[in-house]
Amino acid sequence: MIAVVDYGVNNLASVVRALAAGGHSAELTSDPDQVRKADRVLVPGVGNFGQGSRTMASTGLGNAVREVAEAGRPVMGICLGLQLFFERSEEAPDAWGMALLPGKVQRFTTDLPVPHVGWARVDLTAWGRGHSMLGSAFGDSAQFFYHVHSYYPAGVPEEVVLGTGEYGGVFPTLVGKGTIIGAQFHPEKSQHAGIELLSAFARWRP
C-alpha cells in the first residue's frame, strides 16, 4: 500500500489521481499508524515550511515517516514534502525538518522572477543515471517537469543530487539517498513524464 501523507496542505488529491493514472492505488491518510504500516510513503505538499514542519511534528506524522525510512522502505517527497526531508529552511529559520537528507533549503537569489513557475528541463546526474528507480522514468534523455517554488535544496552532497534544473543557475531538483527520494518539481502536474516518475516510485524495490 502507498500511503500519501495528509498533513493539511494543498495538492494531495492530485497526487493520488496521478498514481491512479499509472495504475497504482494509494491511500490519503493523516493517521501515523497507517503511515507506519505502509509499504511505501509519499509526502507531497504546497505551503510554508514552518507550518508544515510543525504540523508533521505535532501530529506524529513526521516520526512515522522517519520510521518508515529507517526501516528501509521507499519514501518520496514532492515540493514542500521534499523540503521537509531536510533539517532547516531559510523560509522558517526557527522550524525543524525531519533531517532525512543532508543539506538545507534556501531561497533563490536571482534577477529572474521568484517564485520559479513553469516547465523546466531536468537532467540526471551521474548518480541519477545509476539510480535504480530513475532509469525507467527517464530513459536515455532529459525530461521536462512542472516547477512552482521559491526555495530549493542547497549544500547537498554530490552523491545525493540525482537531477538538476536551471533557473538563474543550476540547482538540485531531484535528490535521494538510500530508500529516500525527493522531487522539487511536481510530477502530478507534469503529464506523462510525471506519471511515469510516480509509477517508477510505486514499482521501486531498492
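**Helix H1 and the nonpolar cores**

In this predicted model, helix H1 (residues 12-21) has as its buried residues Leu12, Ser14, Val15, Ala18 and Leu19. Buried means under 20% relative accessible area, exposed over 50%, and partly exposed in between (1.4 Å probe, protein chains only). Helices (H or I, at least four residues) and strands (E, at least two) are DSSP runs, numbered from the N terminus. The buried residues of H1 lie on the same side of the helix because they cover an arc of only 160 degrees around the axis, the arc being that of the directions from the helix axis to the C-beta atoms. Arg17 and Ala21, on the other side of H1, are exposed.

Residues are numbered from 1 along each chain as its sequence is written. Local features need pLDDT of at least 70, side-chain atom pairs count only at pLDDT 80 or more, totals for chains, interfaces and linings use all residues, and side-chain values use heavy atoms, with hydrogens and water left out.

The buried residues of H1 pack against strands S1 (2-5), S2 (26-29), S3 (40-43) and S4 (75-78), and against helix H8 (191-203); contact means heavy atoms within 4.5 Å. After H1 comes glycine 23, with a positive phi near 90 degrees.

A nonpolar core is a set of buried Ala, Val, Leu, Ile, Met, Phe, Trp, Tyr and Cys residues joined through side-chain atoms within 4.5 Å. The largest has 34 residues, and Val5, Tyr7, Val41, Met56, Val65 and Phe85 have the most contacts inside it. At least two residues of this core come from each of S1, S3, H3 (49-59), H4 (61-70) and H5 (80-83). H4 gives the most, with five residues. Apart from this core lies another, of 28 residues, including Val4, Leu42, Met76 and Ala193.
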